[in-house]
Amino acid sequence: MAKEEALGKKPLQILEKIRENLEKLNEKMEIIIELQKRERKELQPLPEAPLDVMTLLSMPDHLRKTAMTVCRLGRATADEIAQQTRRARAVESAYLNQLVIMGYLKKERKGRKAYFYVDREGQG
Amino acid sequence: MGKIIAVHSYKGGTGKTIISINLAATLARRGKKVCLLDLDFRAPSIATLLKAENVNYWLNDYLNGTCEIDKVLVDLSERIKNNGKFFVGFANPATEAIRDMTAKDRKWEMRALGRLLSLRNSLLNDRGFDYIIFDTSPGLQYSSINAIVSADVVIVATTFDRSDVDGTRRMLKELYELFEKKTEIVLNKVLNDISSRSEKELQSRMKDVYQAPLLGVIPCFCDVLKGEGHIIFAQEKPEHPFTKILEGIADKIDGLV
């Protein structure tokens with residue numbers, strides 16, 4: 001019985017690992033796309049920029065919605081943001097990573113989860 | 001869960017402050033726990049209007065991160081009958097303080113937004129306030145937009161002045177709508193021939209002009225404008241038509257969100 005369970009779990013674990021790796025690949029591709037747009041070559045995010053209300057106002061609508069939700073929640077995963085905005089998790093994940101690359105949000109990994117937040121105290 | 005209401009307008013002199021004070025007082029008179037915050041740092045007036053004495057900490061200090069909100073709030077509940085709670089946070093009216101607030105940079109404004117957003121937790125959740133009312137500066141000021149972003153509902157005070165109507169329409173499309181804020185219009189200083197029209201007629205006219213709901217219509221009351229020291233009309237003149245209109249607005253506010 002225990003053996004069967006273990007066998008049953010293994011494919012799930014493998015699938016989970018594949019999903020994680022795909023997500024990491026996605027993130028890297030998003031960074032490359034964003035940096036290409038800005039004609040920058042190194043794989044480094046842009047310098048930190050304050051996410052103030054004037055910046056929020058001038059953002060494209062789709063990014064503003066995500067950024068506003070992070071502001072409201074303080075610190076959240078792509079899943080939590082997606083629940084609030086009622087958009088797909090993968091979509092939110094892409095927008096969040098874009099906001100990180102633009103220097104407006106910070107990202108912190110804790111185990112399997114990635115948290116996004118506005119770094120209000122750390123800047124200057 | 002309480003609500004945060006920002007009272008804003010395109011132009012100055014539309015009656016934001018008198019609406020804020022009296023709406024806060026009206027809600028407090030109903031037994032609610034209300035907190036009125038003066039976020040008009042360019043022209044602070046609530047401290048003078050409510051004759052605040054011995055204020056040790058201002059909202060300026062809270063936003064600067066030098067004190068917590070508890071230190072700023074002054075309990076003025078004794079000015080309101082009916083067991084309501086009426087707390088006020090004042091903006092510092094000293095010229096130096098105004099100058100200091102106008103010279104803040106984007107990073108400071110970003111932190112100030114964080115401090116305003118955290119009031120939801122500290123005042124609504126932890127201290128059990130039913131309402132926070134922000135009185136703001138007119139137009140597109142940083143402090144006002146910070147207040148709008150932090151609020152659940154925006155009450156826009158407007159008059160029939162042509163430039164005010166145009167500006168208000170632009171703000172509805174290019175400010176409140178972008179932040180997906182629930183917006184309600186209060187038409188203030190309305191001349192008698194218009195205010196005597198039926199509410200239905202005015203509602204449909206407002207829908208045409210602003211495409212936003214009309215929360216209330218306040219006629220031009222000379223005695224309200226003159227004030228004569230009776231700033232909390234809702235308390236001092238309970239039978240005045242202005243007080244009655246504010247009660248109607250408070251009824252609708254209670255049903256919103």
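## Close-up views of a predicted model

**View 1. A residue in helix α8 of chain B.** Let's start with B:A147, which has its place in helix α8 of chain B, a helix made of residues 142-150. Keep in mind that everything shown here comes from a predicted model. Is B:A147 buried or exposed? Count the other C-beta atoms within 10 Å of B:A147 and you get 28. The cut-off for calling a residue buried is 20 or more, so B:A147 counts as buried.

**View 2. The company B:A147 keeps.** Which residues does B:A147 touch once you set aside its neighbours within four places in sequence? The partners are B:A6, B:L39, B:L116, B:F134 and B:T136. Now look for B:S204, 57 residues away from B:A147 along the chain. The C-alpha atoms of B:A147 and B:S204 are 29 Å apart.

**View 3. Chain A from start to end.** Here we switch to chain A, which has five helices and three strands. Trace the sequence and you'll meet them in the pattern α-α-α-β-α-α-β-β. How much of chain A is buried? Out of its 124 residues, 23% count as buried. Next, take the contacts in chain A with a separation of 6 or more: 55% of them are between residues 24 or more positions apart.

**View 4. Two helices of chain A crossing.** Zoom in on α4 (residues 78-85) and α5 (residues 89-101) of chain A. When two helices pack, people describe the pair by the angle between the axes and the distance between them. For α4 and α5 of chain A, the axes come within 8 Å and cross at roughly 115°. Because angles from 65 to 115 degrees count as roughly perpendicular, that is the word for how α4(A) sits relative to α5(A). Their crossing is right-handed.

**View 5. Where α4(A) and α5(A) meet.** Which residues make this contact? On the α4(A) side, find A:A78, A:D79, A:I81, A:A82 and A:T85. They meet A:R89, A:E92, A:S93 and A:L96 of α5(A). Sorted by class, the residues of this contact are four nonpolar, two polar and three charged.

**View 6. Chain A meets chain B.** In this last view, twelve residues of chain A are in contact with 14 residues of chain B. Both α2 (53-58) and α3 (61-73) of chain A supply at least two residues each to the side that touches chain B. The most comes from α3(A), which gives four residues. What classes of residue make up this side of chain A? It has six nonpolar, two polar and four charged residues.

Notes. Residues numbered from 1 in each chain as written. Chains lettered and ligands numbered in written order. Predicted model: local features only at pLDDT ≥ 70, side-chain atom pairs only at ≥ 80, totals over all residues. Contact = placed C-beta atoms within 7 Å. Nonpolar A, V, L, I, M, F, W, Y, C, P; charged D, E, K, R; others polar. Buried ≥ 20, exposed ≤ 12 C-beta atoms within 10 Å, placed from the backbone. Axes fitted to C-alpha atoms, helices over the stretch in contact; angles between N-to-C directions. Parallel < 35°, antiparallel > 145°, perpendicular 65-115°, else oblique. Left-handed = near helix turned anticlockwise from the far one by under 90°.
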